[in-house]
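Colleague: Could you give me a close look at the sheet in this one, including what packs against it and which residues sit inside? I'd like one connected walk-through rather than a list.

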Amino acid sequence: MKEKNITLTLIKNTFLSSVTIIGVFIFFTLFSLNQIGDSRLEQQESTLRNNFDLMVKRQTQSVISILETYNKKVLDGQLTKDEAMAQAANIVRNMNYGDGNYYFVYNSKGVIIIDRGSLLEGGNEFDFVDMKGNYYARELISNGKKIDGGYSEYYFSKPNSSNPIAKRSYSKYFEPFDWIVGTGNYKDDINVIFNDTETANIIKDQNRKMVFMMIVIGVGVLIMSILLSLRTSMKLNKMQKSLHTAEELLERD
């Protein structure tokens, strides 16, 4: 009975110690893995958003190039300014890129010059605010008039929707026409693309594999600890029997 108690106690202590050590090991491993994964995801997200910023800037600059072409026709006497602005507006109004992304144009007073040919054209949004209280037209105009143009963040509804969504746009001022040209991306569209990126999926898959591997290692170490404790207890029991036999022999003498 005493030998059995020693064995059970040894197994119990070994089991508890092993579980504690394995638990701490898995926790810190997963924590470190999560930190590394988050860092890589943040870097990937930052790169993706920078690429989107660069894309809308280039798209806006392509429109500015078209306006420069028409302004040259004005300077060369081929068109009047009104004719050039009307023709340029028709071209930009029908331009799009990507998955239905479009361009918009304000003048310095906040009048909508181009908005996909919608009924909003001709209206004034200078004093309009978004759901967060931002004067988005003023920001687009102000940032657009910076030397290299600028980015603005605000809430705006997608076409055929009344639900305002966070949007980031680039705008650039074309002084000869007094036009602020811009285009942008809705942040939820960027998030969808980010969540589907190869890097994000690879990191998620690696995390799942690492969790499974840690569990397998933990169970393996636990089993080995129990077997080792059983082997040790058997040796102790054998030693105790030998000592007990020796004590009995001494008592007989």
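**The sheet and its surroundings**

Modeller: Sure. Read from start to end, the protein chain goes α-α-β-β-β-β-α-β-β-β-α-α, which comes to 5 helices and 7 strands. Keep in mind that this is a predicted model. The chain has 253 residues, and 30% of them are buried. Its accessible surface is about 16,000 Å², with 58% of that belonging to carbon and sulfur atoms. As for how the chain folds back on itself, take the contacts between residues at least 6 apart in sequence: 55% of them join residues at least 24 apart.

Now the sheet. It's an open one with 5 strands, ordered S4-S3-S7-S6-S5, and the pairing is antiparallel. The edges are S4 (112-115) and S5 (150-157), each of which pairs on one side only. From one strand to the next, the twist averages 30°.

Let's start from the S5 edge and work across. S5 and S6 run antiparallel and are joined by 8 bridges. One residue to look at there is Gly150, whose bridge partner in S6 is Ser171. The hairpin made by S5 and S6 has 6 residues between the strands, and Asn160 in that hairpin takes a positive phi near 65°.

Next comes the S6 and S7 pair: S6 covers residues 164-174, S7 covers residues 179-186, and they pair in the antiparallel sense over 8 bridges. Ser171 turns up again here, with Gly182 as its bridge partner in S7. So does another pair you can click on: Arg168 has Asn185 as its bridge partner in S7. The hairpin of S6 and S7 has 4 residues between the strands, and there Asp178 is the one with a positive phi, near 60°.

Asn185 deserves a stop of its own. It lies in strand S7, and its relative accessibility is 7%, so it counts as buried. Beyond its neighbours within four places in sequence, Asn185 contacts Phe52, Met55, Val56, Asn101, Ala166, Lys167, Arg168 and Ile190.

Moving on to S3, which spans residues 104-107, you'll find Phe104 in it. Phe104 has a relative accessible area of 7%, which means it is buried. Setting aside residues within four places in sequence, Phe104 is in contact with Ile114, Leu140, Tyr154, Ser169, Ile180, Val181, Gly182 and Thr183. As a distance check, the C-alpha atoms of Phe104 and Arg93 are separated by 8.0 Å, with their positions 11 residues apart along the chain.

At the other edge, strand S4 holds Ile112. The relative accessible area of Ile112 is 6%, so this residue is buried too. Not counting residues up to four places away in sequence, Ile112 touches Val105, Tyr106, Leu120, Glu121, Gly122, Gly123 and Glu125. For Gly122, the C-alpha to C-alpha distance from Ile112 is 5.2 Å, and the two are 10 residues apart in sequence.

What packs against the sheet? Helix H2 (residues 81-93) lies across S4 and S7, running at about 35° to S4. Helix H3 (residues 136-144) lies across S3, S5, S6 and S7, and runs at about 160° to S5.

That brings us to the nonpolar residues. In soluble globular proteins, nonpolar side chains tend to be buried together. In this model, the largest nonpolar core has 20 residues, and Leu67, Phe177, Trp179 and Val181 touch the most other members. Helix H1 (2-75), H2, S6 and S7 are the elements that give two or more residues to this core. A second, separate core has 13 residues, including Leu140, Ile141, Ile165 and Ile180.

Two of those names should ring a bell from the S3 stop: Leu140 and Ile180 are among the contacts of Phe104. Val181, also in contact with Phe104, is one of the residues touching the most other members in the largest core.

Finally, zoom in on Trp179. Leaving out residues up to four places away in sequence, Trp179 touches Leu67, Met85, Ala88, Ala89, Val105, Tyr106, Ile113, Ile114, Lys172, Tyr173 and Phe174.

Key: Residues numbered from 1 in each chain as written. Predicted model: local features only at pLDDT ≥ 70, side-chain atom pairs only at ≥ 80, totals over all residues. Heavy atoms only, no water. Buried < 20%, exposed > 50% of the residue type's maximum accessible area, 1.4 Å probe, protein only. Contact = heavy atoms within 4.5 Å. Pairing = 2+ DSSP bridges. Axes fitted to C-alpha atoms, helices over the stretch in contact; angles between N-to-C directions. Core = buried A, V, L, I, M, F, W, Y, C linked by side-chain atoms within 4.5 Å. Areas by Shrake-Rupley, 256 points an atom, 1.4 Å probe, with all protein chains shown as cover.
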